[in-house]
Amino acid sequence: MPKYSEITKKVLLAFAIGGVLAVAFVAPPTLKLFGELFLKDKEAKNNREQRRRFSRALYQLKKSRLIITKQKQDGTFVTELTEKGKRKIREFQLENLAILHPKQWDGIWRIIIFDIPKKHRGRNALREKLKTFGFYQLQESVWVFPYPCFSEIEFLVELFNLYPYVNYLEATSIKNDAKLKRHFALL
């Protein structure tokens with residue numbers, strides 16, 4: 001798997017958000033603006049350097065078949081994300097996925113319960129991500145966390161195609177939760 005530069009990741013993510021690249025191909029001022037948004041270092045202040053780095057990022061995205069440029073019947077060009085590009089964006093989002101820890105706990109436990117078939121590829125991926133987030137394993141397929149994380153769990157469930165197998169619960173109490181409170185430094 002090729003290693004992508006930070007600018008290449010940013011270009012791909014920006015493209016996914018708003019189709020910025022499709023405009024950039026036909027409007028050089030947009031290319032300049034796009035470069036200024038993402039290339040803040042001193043070396044990139046030079047417009048020529050911005051264009052070079054941006055062009056290199058586009059080339060890498062095309063070469064990796066993450067984007068494709070097509071000519072429409074009216075002669076204009078449209079750039080689209082490929083399915084591979086959409087998967088790569090989800091991978092980038094997964095790499096950067098994090099759960100914020102508020103200063104004060106709201107007293108609600110978030111509980112993830114799942115029964116995922118052993119052969120399903122998402123089973124281990126979900127477990128590993130829950131460990132990375134700092135969830136506490138209460139039982140084999142029961143994980144607890146004290147902070148809001150619904151959208152992050154939904155992202156994982158969607159990414160790994162786990163909807164039929166995963167439940168998200170919120171509870172104000174868990175029997176003998178002193179161990180949990182110590183684990184999460186909530187006492």
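Is R123 buried or exposed? In this predicted model, R123 is buried, with a relative accessible area of 10%. That is a handy place to start, since R123 belongs to helix α6 and takes part in a salt bridge with E140.

Take the helix to begin with. α6 runs over residues 122-133; its twelve residues reach 16 Å from the first C-alpha to the last, close to the 16 Å expected at 1.5 Å a residue. Its buried residues are G122, R123, L126, R127, K129, L130 and F133. Looking down the axis of α6, these buried residues fall within an arc of 165 degrees, so they line one face of the helix. An α-helix has 3.6 residues a turn, so residues three or four places apart point the same way. On the other side of α6 sit N124 and T132, both exposed. As for what the buried residues of α6 pack against, the partners are α5 (83-96), β3, β4 (136-139), β5, α7 and β6. Right after α6 comes G134, with a positive phi near 100 degrees.

Several of these partners turn up again in the largest nonpolar core, which has 32 residues. Within this core, I112, F135, I153 and L156 have the most contacts. β3 (109-114), α6, β5 (142-145), α7 (150-159) and β6 (166-171) each put in at least two residues. The largest share, five residues, comes from α7. F135 gives a good look at the packing: leaving aside neighbours within four places in sequence, F135 contacts I99, I112, L130, W143, V144, F145, C149, I153 and F184. One of these, L130, is a buried residue of α6, and another, I112, is itself among the residues with the most contacts inside the core. Apart from this core lies another one, made of 13 residues, including I7, V11, A57 and I67.

The strand β3 deserves a paragraph of its own. β3 is mostly covered, with five of its six residues buried. On the pairing side, β3 and β6 run antiparallel and are joined by six bridges, with R110 standing opposite E170 in β6. β3 also pairs with β5 in the antiparallel sense, this time over four bridges, and here I113 stands opposite V142 in β5.

Now for the charged pairs. A search of the whole structure turns up six salt bridges. In one of them, D106 pairs with R110, and the closest N and O atoms are 2.7 Å apart. The two partners are not equally covered: D106 is partly exposed, at 43% relative accessible area, whereas R110 counts as buried at 3%. R110 is also part of something wider, a salt-bridge network that links D106, R110 and E170. E170, as noted, is the residue in β6 that stands opposite R110.

Back to R123, then. The side chains of R123 and E140 meet at 3.8 Å, N to O. Because E140 lies in the loop between β4 and β5 while R123 is in helix α6, the pair ties together parts that are 17 residues apart in sequence. Here too the two ends differ in cover: E140 counts as exposed at 53% relative accessibility, while R123 is buried at 10%.

A further salt bridge joins D177 and K181, with the closest N and O atoms 3.8 Å apart. D177 is buried, with a relative accessible area of 14%, and K181 counts as partly exposed at 22%.

K181 brings the account to helix α8, which covers residues 178-183. H183 is in this helix and is partly exposed, with a relative accessible area of 44%. Setting aside residues up to four places away in sequence, H183 touches G134 and Y136. G134 is the residue with positive phi that follows α6. What separates H183 from F135 in sequence and in space? The two are 48 residues apart in sequence, and their C-alpha atoms are 9.9 Å apart.

Definitions and conventions. Residues are numbered from 1 along each chain as its sequence is written. This is a predicted model: local features need pLDDT of at least 70, side-chain atom pairs count only at pLDDT 80 or more; totals for chains, interfaces and linings use all residues. Side-chain values use heavy atoms; hydrogens and water are left out. A nonpolar core is a set of buried Ala, Val, Leu, Ile, Met, Phe, Trp, Tyr and Cys residues joined through side-chain atoms within 4.5 Å. Buried means under 20% relative accessible area, exposed over 50%, partly exposed in between (1.4 Å probe, protein chains only). Contact means heavy atoms within 4.5 Å. The expected span of a helix is 1.5 Å times one less than its number of residues. The arc is that of the directions from the helix axis to the C-beta atoms. A salt bridge is a side-chain nitrogen of Lys or Arg within 4 Å of a carboxyl oxygen of Asp or Glu. Two strands pair if DSSP finds at least two bridges between them.
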